[in-house]
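Hi,

Here is the structure I promised to pass on to you. Please have a look at it first, and then read my notes underneath.

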Number of protein chains: 2
Amino acid sequence: MEEINLILAKNLKALRESKKLSLEKVAELTGVSKTMIGQIERGESSPTITTIWKIANGLKISFSSLIDHPRPETTVVLKSDIQTLSEDNGKYLVYPLFPFEADKRFEVYSIEIEAGGFHRADSHQEGTEEFLTIFEGELTVRLNDDQYILKNGDSIRFKADKPHSYLNTGKTLTRLSMILYYPN
Amino acid sequence: MEEINLILAKNLKALRESKKLSLEKVAELTGVSKTMIGQIERGESSPTITTIWKIANGLKISFSSLIDHPRPETTVVLKSDIQTLSEDNGKYLVYPLFPFEADKRFEVYSIEIEAGGFHRADSHQEGTEEFLTIFEGELTVRLNDDQYILKNGDSIRFKADKPHSYLNTGKTLTRLSMILYYPN
DNA sequence: ACAATACAGTCGTTATATTGTATATAAAGG
DNA sequence: CCTTTATATACAATATAACGACTGTATTGT
């Protein structure tokens, strides 16, 4: 996940050069010092929102043209490159595949649970939904007082704004895909 | 034009309350101190883009939900309330009616030019277009080496990224509407 | 009514964004 | 080659964003 100030840096520099403006000219148009403009373009500063506002208004450009980062056509995520999170003494392993970005509404994880592995999730924010699919092994999901036993190929969807838990009730490793969706 | 940090303040506070979160909880979710969250909500601080980023990500909300200000259904602008700009010894008077906002692509002015009044505009940024309509009197517009004489009811559109000038060649006051459009 | 807790706000300190001035670098003209 | 000009960066001073620890005020529970 690229740093936001670097995105801003690239956008601003590209915009300025496309308009063929000097730092000084931009400073004059926006009321932000030439020094600051330069630092922002080099990613050396994380400007305040008022500064960004001045820049957007002075240059007559939209706010989003400054913070949008051109999402690459293709993104490849190699399992070996993922920084995992583990719980239950390493028996519950989380692979963040496509983390949340402010312009998406969901994020994707892959989970591996060893036999007997357990995880209890606190309730997520209001409205959040979870979509699970089992790709290997067996999983028991508990919500409220209900309990669901899922096997390879099975899926489940539920509102995750209440506490819930996962338990590998099989004898082998369980692997599943988890999508978290934030409707709000 | 409302201050951007006040817009942010309202949005954040409304969002937090709609999720029924305390300042402390938001601090925990976002990694931004409780104090700062509070100050932002009260409009006492103009956060940096990295903190806004942390907030958007931590709360799983879009960037724009923080900076969008619900544009009121209706806006009335009374001529008597407008802060005018004048040039040519007050013979060229500008009324900014609907100034630029980062989420629009144009702005609207009304211009009054006394008989003989003159104004020379430097070239605006690349691609900018101007749309004029005469509502009273007569106006001569000069672009490059061309010259256009417009009378009551006439209109003109031109690329304003070159120097151009306006001259009231009539004997009475000229009033016109000017729209500046920024396609980029 | 009292204690316990959760919550929001204040205060002092530190980190850093922002500015104005000064310096470096490169391109252009004579 | 040496100026001149335009442009980008480096530096020092100030303003302010950001944090952690503390205080005040509701709210809850028994």
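**Domains, chain contact and DNA**

Chain A is split into two domains, with domain 1 covering 4–67 and domain 2 covering 79–181. Between the C-alpha centres of domain 1 of chain A and domain 2 of chain A there are 41 Å. Please keep in mind as you read on that this is a predicted model.

**Where the two chains meet**

I began with the contact between the protein chains. Chain A contributes 27 residues to it, and chain B contributes 27 residues as well. Together, chain B and chain A bury about 2600 Å², and carbon and sulfur atoms account for 67% of that area.

What about charged and polar pairs? Two salt bridges are found across the interface of chain B and chain A. In one of them, Glu107(A) pairs with Lys60(B), with 3.4 Å between the closest N and O atoms. Glu107(A) belongs to the stretch assigned to domain 2 of chain A, 79–181. Six residue pairs are in polar contact between chain B and chain A, counting pairs with both residues at pLDDT 80 or more.

On the side of chain B that touches chain A, three helices each supply at least two residues: α1 (4–18), α4 (49–58) and α5 (63–67). The largest share there is that of α4(B), with six residues. Sorted by class, this side of chain B holds 15 nonpolar, seven polar and five charged residues.

**Around DNA strand D**

Next, the DNA. DNA strand D is surrounded by 18 residues, and the closest are Leu23(A), Ser33(B), Met36(B), Thr48(B) and Thr51(B). By class, the surface near the strand comprises ten polar, four nonpolar and four charged residues. Helix α3 of chain B (residues 34–41) gives the largest share of that surface, three residues.

Which parts of DNA strand D lie within 4 Å of the protein? Of those atoms, 65% belong to sugar or phosphate, while the rest belong to bases.

Three side chains illustrate the kinds of polar approach to DNA strand D:

- Base: Thr35(A) has a polar side-chain atom 3.3 Å from a base nitrogen of the strand.
- Phosphate: an N or O atom in the side chain of Arg42(A) is 3.3 Å from a phosphate oxygen.
- Sugar or linking oxygen: a polar side-chain atom of Ser45(B) lies 3.5 Å from one of these.

I hope these notes give you a handy way into the model. Do write back if you would like to go through any of it together.

Best wishes

Definitions and conventions: Residues numbered from 1 in each chain as written. Chains lettered and ligands numbered in written order. Predicted model: local features only at pLDDT ≥ 70, side-chain atom pairs only at ≥ 80, totals over all residues. Heavy atoms only, no water. Contact = heavy atoms within 4.5 Å. Buried area = accessible area lost by both parts, 1.4 Å probe. Salt bridge = Lys/Arg side-chain N within 4 Å of Asp/Glu carboxyl O. Polar contact = N/O pair within 3.5 Å; in protein donor to acceptor, adjacent residues only side chain to side chain. Helix = DSSP H or I, 4+ residues; strand = E, 2+ residues; numbered from the N terminus. Nonpolar A, V, L, I, M, F, W, Y, C, P; charged D, E, K, R; others polar. Domains from an automatic or database assignment. Near = heavy atom within 4 Å.
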